[in-house]
Amino acid sequence: MSTPSIAVVSGGVGAARFLAGLVSAVDDPSAITAIVNTADDCEIHGLAISPDIDTVTYTLAGAIDPDRGWGLMDERWIAMESLARYEAVRPTGSSAANRWFNLGDRDLATHLYRTARRAEGATLTAITDEVRRAWDVPISIVPMTDDRIATTVDTVEHGEISFQDYFVRLHHDVAVTAVHFRGEARLSPAARQALEHADVVVIAPSNPLVSIGPIRSLPDVDHILAARRDHVVAVSPIVGGAALKGPADHMMVELGHEASVVGVARLYQPIASVLVVDEVDAHLADAVEGAGMRCVATPSIMSTPARARALAAVTLAAANDRMR
């Protein structure tokens, strides 16, 4: 039996681990397209940084740092350490010699390449595919858009700040009162093709608000997914009322949502027909179904490659059952 075409709506770490499991769960990884959030993209030291795209790429290349979940393994930080020399002479208000956003020495090569190609006029779609091929990644990785879009958050203490200021500099340790997606952007042609024509669409276990939310904010995305709702299955990033990594749980509460699989179901019900939850949340299956989604409970903590593979297999089976 041939592998169905699969589009995976993706953020960073959680999506990357799910994708790694999915690659091992199917016969033909080339049937997989990851549509990756780019609203976290930023410019640091004049370099174009695409954090979620790089996390997906490095993870699927087997090169990710397993402890941090981002960046490259066996990394060195000489360039970042050397920036300390310039801190004493940096004028007030300058962003030069930024060391709170760490870029490893090996990782810098990817950003140098991306920045040079963008200066030559290449689209982010083309650049992302070049980087993917350089790392021998077997699936397609496509940015959600080729246009510039940026997530910002409103905070009580700091006003409106960039997502990277919130997530990295402030360690997502401040309360958020609103999320914005700044810039006019369209779904990239490759992302549109995948969403419209894939046999199965999976919403990866990523933050619903700031990883999946930016993709959903693009014109036509919710319309496309709603029209194909029986083909769409989501995996909850919330387990036992908490996010395994990142600020999804407290962001949901701060923005008026319930930090539970039921809260996730209410967010995804218009665009997905099935929600895969961890077995610890099996007792909430009736509430998830009351929110309008079929509930499938299975171990979902991807602590080993085997567990990630098993989660991916259950997710695909749930989607196939729904379409029968």
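**Strands, a helix and a pocket**

Strand β6 (residues 150–155) is joined to β8 by six bridges, and the two run antiparallel; strands here are DSSP runs (E, at least two residues), helices are likewise DSSP runs (H or I, at least four), and both are numbered from the N terminus. Within this pairing, Ala150 has Arg182 of β8 as its bridge partner. This is a predicted model, in which local features need pLDDT of at least 70 and side-chain atom pairs count only at pLDDT 80 or more, while totals for chains, interfaces and linings use all residues. Residues are numbered from 1 along each chain as its sequence is written, and side-chain values use heavy atoms, with hydrogens and water left out.

The strands β7, β6 and β8 form, in that order, an open sheet with antiparallel pairing, where two strands pair if DSSP finds at least two bridges between them. Because β7 (159–162) and β8 (176–182) stand at the edges with a single partner strand each, one side of each is left without a neighbour in the sheet.

In helix α7 (residues 189–197), Ala191, Ala194 and Leu195 are buried, that is, under 20% relative accessible area with a 1.4 Å probe and protein chains only. These residues lie on the same side of α7, because they cover an arc of only 95° around the axis, taken from the directions from the helix axis to the C-beta atoms. The buried residues of α7 pack against β1 (6–10), β2 (32–36), β5 (140–143), β9 (200–203) and α9 (221–227), contact meaning heavy atoms within 4.5 Å.

Technical notes: Buried means under 20% relative accessible area, exposed over 50%, partly exposed in between (1.4 Å probe, protein chains only).
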